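Please look over the model shown here, with attention to its charged side chains and to the way its helices pack.

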Amino acid sequence: MVVEYLEKIRDTYTKERVELSSKLNEILKLQKENEEFIKVLELNEDPSFEAFTPREVNSFNKKKIEELNENQKYLLDEMENISSKLQSLDEKLEEIREVIRVARENYC
């Protein structure tokens, strides 16, 4: 009975771990896409042209780069948060596996 309860908890943690891993992969993918988009925007900037004109040029690109950099910071924080949750879940899963193993040895 105790083993069945622990197995249900283990299954719940395992599902949660899979969801978090999936979310982490999505964030990593988005982060890489942002990095590539920033590179493309930076390549489209022409600083030598800006030196010869009194107008603001490529203001959209500059704003977009700033926005993407801020988004990257948010994604990094989110990744750290998810990584710490994953580590905590791994520790809990390992503890539950050990308790299940001991319970089976003692009761079966």
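## A pair within one helix

In this predicted model, Lys-73 has a relative accessible area of 51% and therefore counts as exposed, the cut-off for that class being over 50%. Its side chain meets that of Glu-70 in a salt bridge, with 3.5 Å from N to O, and Glu-70, at 48%, is partly exposed. Both residues belong to helix H3, where they are 3 residues apart, or about one turn of the helix.

## Salt bridges between helices

The whole structure holds 10 salt bridges. One of them joins the side chains of Glu-7 and Arg-104 at 2.0 Å, N to O; because Glu-7 lies in helix H1 and Arg-104 in helix H3, this pair ties together parts that are 97 residues apart in sequence. Arg-104 is partly exposed, with a relative accessibility of 40%.

Arg-17 and Asp-90 form another salt bridge, their closest N and O atoms lying 2.4 Å apart, and this pair links helix H1, which holds Arg-17, to helix H3, which holds Asp-90, across 73 residues. Arg-17 is partly exposed at 29% relative accessibility, as is Asp-90 at 32%. Salt bridges also link Glu-98, Arg-101 and Glu-105 in a network.

## Packing of H1 and H3

Helix H1, residues 2–44, packs with helix H3, residues 59–107, at an angle of about 160°, and their axes are 8 Å apart. Since angles over 145 degrees count as roughly antiparallel, H1 and H3 are therefore roughly antiparallel to each other. The crossing of H1 past H3 is left-handed, and the contact between these helices comprises 24 nonpolar, 10 polar and 14 charged residues.

Conventions. Residues numbered from 1 in each chain as written. Predicted model: local features only at pLDDT ≥ 70, side-chain atom pairs only at ≥ 80, totals over all residues. Heavy atoms only, no water. Axes fitted to C-alpha atoms, helices over the stretch in contact; angles between N-to-C directions. Helix = DSSP H or I, 4+ residues; strand = E, 2+ residues; numbered from the N terminus. Parallel < 35°, antiparallel > 145°, perpendicular 65-115°, else oblique. Left-handed = near helix turned anticlockwise from the far one by under 90°. Nonpolar A, V, L, I, M, F, W, Y, C, P; charged D, E, K, R; others polar. Salt bridge = Lys/Arg side-chain N within 4 Å of Asp/Glu carboxyl O. Buried < 20%, exposed > 50% of the residue type's maximum accessible area, 1.4 Å probe, protein only.
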